[in-house]
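Q: Hey, can you walk me through this one? I'm new to reading structures.

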2 protein chains.
Amino acid sequence: MKDTKGITVKKEEDMPEWYGQVVLKSELADYAPLRGFMVIRPRGYALWESIRDFFDKLIKSNGVKNAYFPLLIPKSFFDKEAEHAEGFEPEVAWIEQEADSEERYAIRPTSETIMYDSYSRWIRSWRDLPLKINQWCNIVRWEVKDTKIFLRTREFLWQEGHCVYATEKECDQDARVILEYYRKVAEELLAVPVLTGKKTKAETFAGAVRSYAIEGFMPDGKALQMGTSHMLGQNFAKAFDINFLDENEKVSTPWQNSWGISTRLLGALVLTHGDDKGMVIPPSMAEEKVAIVPIFVKDDSVNEKTIAKAKEIASELKKYNPILDDRTEYSMGWKYNQYELLGVPLRMEIGPRDIENENVVLVRRDTGEKIVVKWLDLQDEVRRLLDVIQTNLFAKAKQVMESKKTYVSTWEDFLVADKEKKLILTPHCGIEECELSIKDETQGVTSRCIPFSDSKVTDEVCVKCGKKAAYKAYFSRQY
Amino acid sequence: MKDTKGITVKKEEDMPEWYGQVVLKSELADYAPLRGFMVIRPRGYALWESIRDFFDKLIKSNGVKNAYFPLLIPKSFFDKEAEHAEGFEPEVAWIEQEADSEERYAIRPTSETIMYDSYSRWIRSWRDLPLKINQWCNIVRWEVKDTKIFLRTREFLWQEGHCVYATEKECDQDARVILEYYRKVAEELLAVPVLTGKKTKAETFAGAVRSYAIEGFMPDGKALQMGTSHMLGQNFAKAFDINFLDENEKVSTPWQNSWGISTRLLGALVLTHGDDKGMVIPPSMAEEKVAIVPIFVKDDSVNEKTIAKAKEIASELKKYNPILDDRTEYSMGWKYNQYELLGVPLRMEIGPRDIENENVVLVRRDTGEKIVVKWLDLQDEVRRLLDVIQTNLFAKAKQVMESKKTYVSTWEDFLVADKEKKLILTPHCGIEECELSIKDETQGVTSRCIPFSDSKVTDEVCVKCGKKAAYKAYFSRQY
C-alpha cells in the first residue's frame with residue numbers, strides 16, 4: 001500500500017481521468033497486459049463477492065439453482081436463432097482448435113444457445129417445469145470500442161439466469177421478479193438509484209420479445225445499464241426444439257427468460273460514490289467497515305497503552321472486520337489519506353487524550369464529519385453511523401439523479417436538454433426507425449427505458465416525428 | 001426427475017460404465033455438445049459450491065484474498081519460464097483474435113505467468129509481502145487422451161492460489177499449510193481419505209522446485225491426484241522480474257508457491273462413495289440432507305393428516321434443508337429409488353401407523369439401515385445419524401485404501417502387486433530416469449508421492465535398479 005499517491009484530478013473537472021485514477025489507486029483493478037482486459041484486484045473482487053452473495057441468496061429463495069455450462073460454444077448453435085447470431089457475431093472471439101468436424105468454437109459472449117441445447121434434452125414433461133438455472137462465469141466480447149475498466153472490457157464476470165416455464169404469465173412475472181432483485185442489488189446494496197422499466201424495441205436484446213432493465217444515471221450525465229431481464233418468449237424454445245408434455249399429454253412449447261448483471265456494476269459504484277479523495281464503499285458492501293488508527297506520541301509506554309486499547313476495541317468490533325493499523329513506519333496523515341483513498345466507511349482515531357476521556361473519534365468517509373463517541377456507546381454508535389452512511393449515500397445519489405431528470409415535448413427542447421446532459425423523459429411514437437434517427441442526429445442519444453411509472457400518454461405526440469406518441473420514455477447518452 | 005432409470009451395472013463389475021451412469025443419472029453432470037467438455041448440473045454444482053465455501057473460509061483465515069485475472073494469456077508470457085512453457089504448450093487452446101502485434105493468446109491452462117506479470121508491478125518492498133492471492137476460475141487444457149466427466153475434461157473449474165514471500169521458510173511452510181487444508185477438504189468434507197506427501201522429481205510441477213500433493217486411491221485400484229501445492233522457489237520471480245526492497249533497502253528476490261484443487265474432486269467423491277444404487281453424498285456436503293416421503297393410503301383424509309405432520313417435521317428440520325416429496329403422481333417405491341439414486345443421506349418415511357405411534361422411520365443411505373425414531377427424539381437423532389454417516393463413509397473408504405496398501409522390496413513383487421492393483425510402497429533411488437523406466441516397463445505405473453510418514457530408508461536398495469534407496473514412495477496406476 002505504500003507509494004500510493006492520492007487522486008490528482010477533481011471528479012467534476014475530468015471524470016474519465018478521475019475514474020481511471022480511482023480504479024487503479026484504490027486498488028480495485030489494474031490494467032492487464034492484453035488490450036481491453038482487466039485484472040480485478042482483491043479490493044475490487046471483494047465487492048463483486050458481496051454482490052454475488054447478496055443476489056445469490058435472493059435467487060436461491062426463488063428456487064433458482066446454480067450450474068456451469070461450457071466456455072466454448074459451437075458456431076452452429078449461434079446460427080440457430082438468427083437475430084441472436086446477428087447480434088453477437090461481430091464481437092465473438094473464436095478459437096483455433098477444431099473438433100473432428102467443420103465446426104468452429106467461440107468463447108461464450110452469452111450462453112443462451114449452449115444452455116438451451118441441454119434444456120432440450122432435460123425437459124420432457126410439465127413436471128420438469130419451471131426449470132430455473134443460473135451460472136456465475138466469465139464472458140468474452142471482443143469490443144472494438146474503447147474499453148474502460150469495469151464499464152466496457154473484453155472480458156467480464158457476470159451471472160446469467162436462464163429459466164423455462166409452462167406459461168407465458170409465469171415467465172413474464174418471474175422476469176419482473178428478477179428485475180426487482182436487481183433493483184435491490186443496486187439500491188439497497190450498492191446504494192445506486194436506478195430507473196426500472198421496459199426497453200424500447202430498438203434496444204431490446206437480440207432474440208428477445210421484451211427486455212426489462214435497471215438503468216443508473218451517472219454524475220457525468222451518462223446513463224449506465226446495470227442489469228437486464230429478458231422475456232424471450234418462445235423464440236429460443238422453437239429454435240432449440242424445447243418441448244414438454246403438458247398435463248393433458250399434449251406437446252407444448254415452453255416460455256423462457258434470461259437475465260444478467262456483471263462486474264459493470266462496480267463501475268457504477270465508483271462513478272456514483274467516489275469523490276476527490278478516492279473510493280467510497282457503501283457500508284453494506286465494505287469488507288472492512290472501520291479503519292482504526294492509533295495516534296502515537298513520543299513516549300513508547302503511552303503508545304503501548306493506546307495500542308492495547310485499540311486492540312481491545314478492534315476485537316469488540318470484530319463483526320465489522322476492522323483494520324487496526326498500528327504500523328509505525330507510516331504517519332497518521334498518510335494513514336488517513338490511505339483509508340480515505342480505499343473508501344473504508346468509518347475511520348476511528350484513538351490517542352492518549354481519548355483514552356483519558358474514555359472516548360474515540362469517528363470520522364465518516366462520506367461527509368468527513370467527526371464524531372466523538374464514548375467507549376460505552378461504541379457498538380451502538382458504529383452500527384448507527386454505518387446505517388446513516390448507507391442511507392446518505394443513496395439519498396445523495398438519488399438527489400443527483402432526480403435533479404438531472406427533465407421532461408421535454410419538443411425536439412428543440414430535447415436538443416437543449418441533451419446539451420445540458422439531462423435524463424430526458426419524452427413522448428415517443430415507438431417506431432424503431434424514428435428512434436434510430438434520434439441516435440443518428442444526436443450522435444449517440446438512445447432510449448434508456450419506458451419506465452414502469454410515468455410512461456402513460458394521452459394526446460401527446462412524438463418528440464421527433466410528431467406522430468401520435470405510444471409512450472413516454474427516458475433518453476440520454478450512455479456508457 | 002421423471003424417466004430416471006436406476007443404475008444398470010454393478011460398481012464392482014464395470015466401474016467405468018458404472019461411473020458414467022452415476023454421474024449422468026444422479027444428475028451431477030451431463031455431456032456437452034463439444035467433445036471433452038461437461039455441463040455441471042445443479043446437483044453437481046452444489047457440491048462444488050460446498051467445496052468452495054469450505055476451502056474459501058480456510059484460506060481467508062490464513063490471509064489469502066480472492067482476485068480475478070484474465071482468461072487469456074499472451075504466448076510471450078509462457079515462454080518466460082522455459083520448463084513451464086514446455087509443460088503446458090501441447091495442451092493449450094489458442095484464439096484467433098490477435099492484438100496489434102505478433103502476439104498469440106492462449107486460454108489459460110493455469111495462471112502463473114499472467115499473475116506474476118502483475119505481481120512484478122505490485123511488489124516493491126518488504127511491506128508488500130507476503131502477497132497471498134487466490135482465484136476461482138475456469139481452465140482449459142486441450143487434452144488428447146480420453147476425457148471423462150470431472151476426472152479429465154478439457155475445461156474444468158478450480159481455484160489457484162499464488163503467494164509471494166520474503167523468505168524461503170515462510171513460503172515452504174505456507175505451501176504445507178495449504179496442503180493440510182486440502183487434506184481437510186478431502187477427509188473432513190468429502191470423507192475421502194488421502195495420502196499426503198511430496199512428489200518425486202519426475203512428477204514435480206513444470207517450473208516448481210518441489211510439489212506436495214494429496215492423493216486419493218479409488219476402489220478400482222487407481223490413484224487420483226486430488227490437490228497439489230507447489231513450492232516454486234525463485235524460478236518464476238526471476239523469470240518475471242519480481243523484486244522487493246528488504247528491510248535493509250537491499251533488492252531481493254522473493255519466494256513463491258502456487259496450489260490448486262479442481263472439480264476433479266467430484267470424480268473422487270463419486271468413485272469413493274457411490275454404490276450400485278447410485279450416488280452417496282456425505283452429509284456435510286449434501287445441500288438437502290433428508291428426503292421426507294409420506295406414505296399414502298386410499299383414504300385422502302388420512303393422507304391429509306400425514307402430509308400435515310410431514311410438513312411440520314420438515315419445518316422443524318429446516319436447517320437440514322429437507323425435501324418433502326408429497327407428489328401423488330409418483331409411487332413410494334419410485335421415490336425411494338430416486339432419493340437413493342441422488343444420494344440424499346437420510347430418507348424419512350412417515351405413514352398413518354407412524355402417526356399413531358408418534359414416530360417416523362429413518363433410512364440411512366450409506367447402509368440401508370432402518371431406524372424407528374420417536375418424534376420427540378427427532379432433532380437429536382437426525383443430527384446424530386448425519387454425523388454417523390459422515391464418519392462411516394470416511395471409515396469405510398479408509399479401510400478400503402488401507403487394505404490396498406502393500407510394501408514390496410523386489411521388482412518381482414512390485415509387478416505382482418501392480419497386477420493386484422495395489423497401492424505400492426517401495427524403496428526407490430530417486431533418480432528420474434529410473435522412475436521413468438518403471439513407467440515404461442509397466443506401461444503406466446508412476447509414483448504418487450513420498451509420504452510425509454513412512455518414507456525414511458536406512459539400508460534399503462531401489463526396487464528397480466538396485467542402487468541405494470533415497471526414500472520410500474508410493475507407486476500405482478492413476479487417473
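**Talking through the model**

A: Sure, let's start with one pair of residues: A291(A) has I323(A), in β15(A), as its bridge partner. Keep in mind that this is a predicted model.

Q: Which strands pair there, and in what sense?
A: β15(A) pairs with strand β14 of chain A, residues 290–294, in the parallel sense, over two bridges.

Q: And what holds paired strands together in general?
A: Strands of a sheet pair through backbone hydrogen bonds, and the pairing can be parallel or antiparallel.

Q: OK, how many strands form the sheet, and in what order?
A: Five strands of chain A, in the order β15-β14-β16-β17-β18, form an open sheet with mixed pairing.

Q: Which strands stand at the edges?
A: In chain A those are β15 (323–324) and β18 (370–374). Each has a single partner strand, so one side of each is left without a neighbour in the sheet.

Q: Which strands does helix α10 of chain A touch?
A: Helix α10 of chain A, residues 332–342, packs on the sheet and touches β14 and β16 (346–350) of chain A. The direction of α10 makes about 175° with that of β14(A).

Q: What about helix α12 of chain A?
A: Helix α12 covers residues 378–404 of chain A and also packs on the sheet, touching β14, β16, β17 (359–364) and β18 of chain A. Its direction makes about 5° with that of β17(A).

Q: Switching topic: where does D246(A) lie?
A: You'll find D246(A) in the loop between β11 (244–245) and β12 (251–252) of chain A.

Q: Why does D246(A) count as partly exposed?
A: Because D246(A) has 15 C-beta neighbours inside 10 Å, and buried would take 20 or more, while exposed means 12 or fewer.

Q: Which residues is D246(A) in contact with, leaving aside neighbours within four places in sequence?
A: W126(A), A166(A) and S252(A).

Q: How is chain A related to chain B?
A: A rotation of 180° with 0.0 Å of shift along its axis superposes chain A on chain B, with an RMSD of 0.0 Å. That's the relation of a two-fold axis. The same surface serves both copies, as 100% of the contact residues of chain A recur in chain B.

Q: Which residue of chain A comes closest to the rotation axis?
A: I95(A), whose C-alpha is at 2.0 Å.

Q: Last one: how many residues are in the largest nonpolar core?
A: The largest nonpolar core has 284 residues, and L190(A) and L190(B) have the most contacts inside it.

Conventions: Residues are numbered from 1 along each chain as its sequence is written. Chains are lettered from A and ligands numbered from 1 in the order in which they are written. This is a predicted model: local features need pLDDT of at least 70, side-chain atom pairs count only at pLDDT 80 or more; totals for chains, interfaces and linings use all residues. Copies are superposed by least squares on the C-alpha atoms of residues with pLDDT of at least 70 in both. Two residues are in contact if their C-beta atoms, placed from the backbone, lie within 7 Å. A nonpolar core is a set of buried Ala, Val, Leu, Ile, Met, Phe, Trp, Tyr and Cys residues joined through C-beta atoms within 7 Å. Two strands pair if DSSP finds at least two bridges between them. Helices (H or I, at least four residues) and strands (E, at least two) are DSSP runs, numbered from the N terminus. Axes are lines fitted to C-alpha atoms, for helices over the stretch in contact, and angles run from 0 to 180 degrees between N-to-C directions.
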